[in-house]
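Colleague: I should like to go through the terms applied to this model and the values that justify them. May we begin with the ligand and its surroundings?

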Amino acid sequence: MEVFKSDVAVVGAGGTGLRAAIAVAEADPSLTVALISKVYPMRSHTVAAEGGAAGVVRDDDSLDYHFNDTVAGGDWLCDQNVVEYFVARCAASLTQLEHWGCPWSRKPDGHINVRAFGGMKVERTWFAADRSGFHMLHTLFQTSLKYPSIRRFDEYFCTDLVVEDGRCQGVVAIEVATGKFTFIQAKAVILGTGGAGRVYRENTNGGIVTGDGMAMAYRQGAPLRDMEFMQFHPTCMPGTGLLFTEACRGEGGFLLNKDGYRFLQDYGLGPAEEQPRNKFMELGPRDRLSQAIWHEERKGRTISTPYGEAVHLDLRHLGRKKLHERLPLICELAEEYMGIDPAKECIPVRPGIHYTMGGIYANLETETPLPGLYAAGECASNGIHGANRLGSNSLVDIIVFGELAGEQAAQYVRTVQNSNPESLEKLASDAEQRAVAVVSRTDGKEKHSVLRREMSQSMESGCGIYRTATEMQATCDKLAELRERYRKLNVEDKSSIWNSDWLGALEVGYLLEVAEAVAHSALNRRESRGAHQRLDGYEQRDDVNYLKHTLAYHVPEGTPRIEYQDVIITRSRPGTRAYGAAGEAEEAQRRQERASV
Amino acid sequence: MSDDNKTIEMEVLRYRPEQDREPFFQTYEVPFEDDWSVLQGLQYIKDDLDSSLSFRWSCRMAICGSCGMMIDGVPKLGCRTFLRNYHSGKLRVEALEHFPIERDLVIVVDDFMEKLARIKPYLIPKQVRKLEQGEYLQTPGQLEQYRQFSTCINCMLCYAACPQYGLNSGFTGPGILALMHRYNADSRDGGRDQRMELGHSDEGVWGCAAVAYCSEVCPKEVDPANAINQNKMGSAIDYFLRFVRPRGATG
Ligand SMILES: Cc1cc2nc3c(=O)[nH]c(=O)nc-3n(C[C@H](O)[C@H](O)[C@H](O)COP(=O)(O)OP(=O)(O)OC[C@H]3O[C@@H](n4cnc5c(N)ncnc54)[C@H](O)[C@@H]3O)c2cc1C
Ligand code: SF4
Ligand code: FES
């Protein structure tokens, strides 16, 4: 097997991985960085992010506000020390991207412009039209070309981490073009492998978002945290799940039911006004909006489409000019994919899976419990998103914590040496054998595409917007069955060059691990909080028993072991999570209480 | 959307270097809905008919640039081309032209990636600014000077369309020249002279024969032909200016 010796291996070349690699290169140009990605960097799913990235810049805004929005938005499941660190660094991280050329939209005076986003009290979302993630990713990728110490492994598919002496010391990867394995030795490994939205069927995620890094870390004993919190985005294209960014509502779009009524006012988000108002109505948080759509469907007030019930996203009143200037990609999606002119007609939308709040547990320093392994971005759970992520916090999460992971790893590698090369290479070749076994088996009959379909359907029915123990249990049982059947896989394509049948099979293996962590974490949380809502006697938040992070540990041949961990609270005690007029009243009351102590 | 059971014949170019001596076409009968893209047709083939077919894709929304392919001889994104528009009930899908085939619809993109790196596609600041000084000021008008050229998704459709690139793969080609122009035209940037070393040459803007098919196939209205044209003018002006002002001076 080829061996490449690096100091830091970064898995993933999305926003997180690129930012981490640049941080290592800047911290110490003498360190060799291996940047590994299963697709060319600019194909990474960060590219699809539309809306923008949060960072406090306005005079009437403050870090406290951003902190409060994030913690309340996360239904108090955020680690507040991490949120404090985060909000203080957002604007500088975004400015750094500006210095590298990111074409952020501007105000007439040449300063950065910001837009409104759901759950945010003041406009603080930096945007580059509705191609924010695209521009961030291309800026980072192109900037990374300046650093000779970054050695890219494009289209290398990681199959495993190499762990020896209790430390992570490298990764094993398949070169997709040849099918050959490489052992990328490293003193530290940073995972920036993104989310796991593909465990569900209808979702906004790209085909590559299959939770690989989460599963790799999990199999090596690192816990997956808060996996039950999967975010449904309220405005997705029926069928494909493609996203209509929240910026549509930030710019003033309405959500209507089949009677043309702005139904959100019936769900504690009103009053309904003409102008968008932060944290009111359409600018409420995603979990609340998705839940409201679910209820409208039960009340028979939704619009039927061939792909299920929908509500209307109404952008007509914004006018063609503004639509094309601020939301060009949205116009393109509506026109090309649905044959709808958003300046003239409403767009049918329904909730779809969008974001994985949970992930590999990482602390404020981006360290996982496995020494030498760091995790950041969507694959990590570092505590900033809690039970519900606010839109535009993630694009800035990936650069704030991507940078930090790079800095941390660069420091750490000065303090450690790799173990004996023979033992590392032995572990690497064991990993190779395991991955090859998936394709070389000839006795199986199962197709991974069938398993994937059954898994995603089962996740949707058991771990959807609202959940019951019976349905979640059924999903857990189904997943156990699929895991059994996965052992009897038949990968028909036995070739080496660009064998995407084989890689697809490995991805289904990752997905099944992650799906089990989601379903079991959900089943065990007997309360409703953020994106985890139950209908079977646990409709309320239960801070006495569940103001806790879920930790799911991998159990070989068994179901995940679930443990709990305290949430770190520094200054915001759990309160009522209210929006609209009720939210304003709640905020006034908190202010008063604070003044009186 | 779903009415009677419609099907379409997809003729797909196959080539597996380990077993096929040369590329050939394989035909698949694909049932489809009106809103299905060509990519969805290929996914159906892969999941349900023939798992050995390889192609690149990810975002499904015309932004990651993975799924460029020849569809009835025209370079297009598979995820943004719809089966319903092929009325004859038949369509032909091939790997992007002018690139070596790795396997099936997957092309070798090394050449593109190397050229991309060569033009220094990053901001070379006119004036270095510290983070504490905040952002560079750039008015919407200044942004507009390069915005369009910054939206290239690296899908390489324009390379498949470019007869010049087909004849001489040394030519830097439309997408990357547009990207070079993107940085040159950015009010924050001062790296034009460094980039134009390459830009002036025959590999650069002068390699272009002004066919402009590149702009026609571009799915993102980048208009690379326009970028190249502007640079030809810029390049010609530079050529004369180099006699009247010291090299490296910024104007
Ligand atoms: C449609 C959409 C719109 C969004 N809009 C917004 C928004 O407006 N604002 C916001 O804040 N957030 C938004 N988000 C969320 C945000 O974009 C993501 O959370 C973020 O971009 C994730 O970045 P990442 O770098 O962690 O992962 P990704 O960009 O997904 O990158 C993952 C990387 O890991 C690599 N990888 C994965 N597995 C392997 C493996 N086995 N071997 C090798 N490499 C591997 C991939 O190749 C890729 O390079 C949006 C998300 C979606 C889907
Ligand atoms: S210029 Fe257009 S066609 Fe060419 S690579 Fe860029 S987006 Fe694709
Ligand atoms: S799949 Fe991303 S551009 Fe087509």
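Modeller: Certainly. This is a predicted model. Of the 39 residues around ligand 1, those that come nearest are A:S44, A:T46, A:E378, A:S394 and A:L395.

Colleague: What makes the pair formed by A:D212 and ligand 1 a polar contact?

Modeller: A polar side-chain atom of A:D212 lies 2.8 Å from a nitrogen atom of ligand 1. The cut-off is a pair of N or O atoms within 3.5 Å, so this pair qualifies as a polar contact.

Colleague: Which backbone atoms meet the cut-off as well?

Modeller: A backbone N or O atom of A:K38 lies 3.0 Å from a nitrogen atom of ligand 1. For A:G192, a backbone N or O atom lies 3.5 Å from an oxygen atom of the ligand. As to cover, ligand 1 taken alone exposes 1,000 Å², and the protein buries 98% of that.

Colleague: Where does ligand 1 sit, and what is required for that statement?

Modeller: Ligand 1 sits in the largest cavity. The statement requires that more than half of its atoms lie within 2 Å of the cavity's grid points. Elements of chain A that give two or more residues to the shell around ligand 1 are α1 (15-27), β3 (33-37), β8, α5 (212-219), β17 (347-356) and α10 (394-412).

Colleague: Why are β8(A) and β9(A) called paired strands?

Modeller: Pairing needs at least two bridges. Seven bridges join β8 (residues 156-164) to β9 in chain A, and the two strands run antiparallel; they therefore count as paired. One of the bridge partners in β9(A) is A:A173, opposite A:C158. The two strands form a hairpin with two residues between them, and A:D165 in the turn has a positive phi of about 55 degrees.

Colleague: How many bridges join β9(A) to β10(A)?

Modeller: Six bridges join β9(A) to β10 (residues 180-185) of chain A, again antiparallel. Here A:I174 has A:F181 as its bridge partner in β10(A). This hairpin has four residues between its strands, with A:G179 in the turn at a positive phi of about 80 degrees.

Colleague: Why is strand β9(A) described as largely enclosed?

Modeller: Eight of the nine residues of β9(A), residues 167-175, are buried, so the rest of the structure largely encloses this strand.

Colleague: Is A:G195 buried or exposed, and how do you know?

Modeller: A:G195 has 2% relative accessibility. Because the cut-off for buried is under 20%, A:G195 counts as buried. A:G195 lies in the loop between β11 (188-191) and α5 of chain A.

How values were computed. Residues are numbered from 1 along each chain as its sequence is written. Chains are lettered from A and ligands numbered from 1 in the order in which they are written. This is a predicted model: local features need pLDDT of at least 70, side-chain atom pairs count only at pLDDT 80 or more; totals for chains, interfaces and linings use all residues. Side-chain values use heavy atoms; hydrogens and water are left out. Buried means under 20% relative accessible area, exposed over 50%, partly exposed in between (1.4 Å probe, protein chains only). A residue is near a molecule or strand if one of its heavy atoms lies within 4 Å of it. A polar contact is a pair of N or O atoms within 3.5 Å; within protein, one must be able to donate a hydrogen and the other to accept it, and residues adjacent in sequence count only if both atoms are side-chain atoms. Accessible areas come from the Shrake-Rupley method with a 1.4 Å probe; for residues, only the protein chains shown count as cover. On a 1 Å grid over the protein atoms alone, a cavity is a set of points where a 1.4 Å probe fits but cannot get out, and a pocket is an open set with protein on both sides within 12 Å along at least five of seven lines; lining residues have an atom within 4 Å of a point.
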